[in-house]
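Trainee: Please take me through one sheet closely, and then a pair of helices.

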Amino acid sequence: MDIFTGNNAGNLIYAFFAIIIIILLAVIWRYRKKLNKMELVSLAGINMSSGAQQKLIQRIMEVAKQQVQAEACSLYFVNDETKELYFGVALGEKGSLLKELRFKIDDSFIAGWVATYKKTLNIRDVDKDKRFRNREVAKNFGLNEKSFLTMPIIFDGKLVAVLQMINKQNGRYFSKADEETMEMLIDKQIAPNLEKARVYSYMQELFNDSIQTIANAIDARDEYTQGHCTRVAEYSVMIGKELGLEFEELVSLRYAAVLHDVGKIGIRDSILNSKQKLTKEEFEEMKTHVIKGAKILEQISKTNPDIVYGVKYHHERYDGKGYCESLKGEEIPLFARIIAVADTFDAMTSNRPYRKEFPEEAAVAELIRGAGTQYDKRVVDAFVRCFEGQN
Ligand SMILES: [Fe+2]
């Protein structure tokens, strides 16, 4: 039977729900393709691409530092919510220590002054400048600062960062020509790359939020499994890491695990929330959620079948007695073997209508008992190692 047709009202609701999810997933999938090309790391609170923007900005700053012959240089980011500046990039001996610091924006210190008035400040000798008595950073880190060239980085009229060159070499001070060199680098290189990094970070958040919204919607239909999809994703990624999967694979595994029960939107509430053990017919209908889920994802994720297979085969058993195709052993895709273990552990350790939850140790013992028959032993072993490592 085509999953989008049928003779009851439930199918109509399902079709509507499925279309909404397909549209939402299709939109975020477009973003994901871009994001997958990047290794996202946290750079002082901003998620940036380490492979692209972060390294590029760092390189540009190295060049800038050499061109204006500065001893050190720093790039402060602006946190709009807390109205603080913090070090995004700090090149020089104390760079890594400086990255921990946060400063409320005001005009009592040099970078704060530049952030407040959005103007360049070229100081020959900071000790002779009465405006800047706030020299805590310099004191605490034993920095012997004298000359500063500090400039705002503005994109589309908005302050995004403050760039600071510290101590012109050989005790000299920064010239007008140095200011022009820096202005050119900021305009052509630094500002556009910072803006790109900010957009990527926003896209990543949007994508994760959207996936999480879908997971919550799936969980919300099943009153007994609140938070199940999210926990299965966490366990799956933990196992995947233990098995040595690459970053890209872990990202895909996470999505497959979060969405593993997306097909349950096509299962009637009376079955999904049944307080009794399901009849044979009801169970047969429940089993169709894996195919329904795969069909939803197939329409948007043709380029990554691993996710579709992870969803489709998460109820297969290692000994071939599972569903929907009775695959056996290594025939079952790895994502599905991982999700099976994560799913079972969470199901056992959560309250269900027909039984109370198991203690975690008992659930682990059950997994070990099923290793090699119901589950892939290698996957169970990885899970047990993680579990023991946490306890
Ligand atoms: Fe399932």
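**The sheet, then a helix pair**

Mentor: Sure! In this predicted model, six strands (DSSP runs of E, at least two residues, numbered from the N terminus) form an open sheet in the order S5-S4-S3-S8-S7-S6, with antiparallel pairing. S5 (102-104) and S6 (121-123) are the edge strands, each with a single partner, so one side of each has no neighbour in the sheet. From one strand to the next, the twist averages 25°.

Now zoom in on S7 (148-155) and S8 (158-168): they pair antiparallel over eight bridges, and pairing takes at least two bridges by DSSP. Phenylalanine 148 sits opposite isoleucine 166 of S8.

On to the helices (DSSP runs of H or I, at least four residues). The axes of H11 (289-298) and H12 (305-312), lines fitted to C-alpha atoms over the stretch in contact, with angles from 0 to 180 degrees between N-to-C directions, come within 8 Å and cross at roughly 165°. H11 and H12 are therefore roughly antiparallel (over 145 degrees). The crossing of H11 past H12 is right-handed: the near helix is turned clockwise from the far one by less than a right angle. Touching (heavy atoms within 4.5 Å) are Val290, Ile291, Gly293, Ala294, Leu297 and Glu298 of H11, and Ile307, Val308, Val311 and Lys312 of H12. That contact of H11 with H12 has seven nonpolar, one polar and two charged residues, with Gly counted as polar and Asp, Glu, Lys and Arg as charged, while Ala, Val, Leu, Ile, Met, Phe, Trp, Tyr, Cys and Pro are nonpolar.

Residues are numbered from 1 along each chain as its sequence is written. Local features need pLDDT of at least 70, side-chain atom pairs count only at pLDDT 80 or more, totals for chains, interfaces and linings use all residues, and side-chain values use heavy atoms, leaving out hydrogens and water.

Conventions: Parallel < 35°, antiparallel > 145°, perpendicular 65-115°, else oblique.
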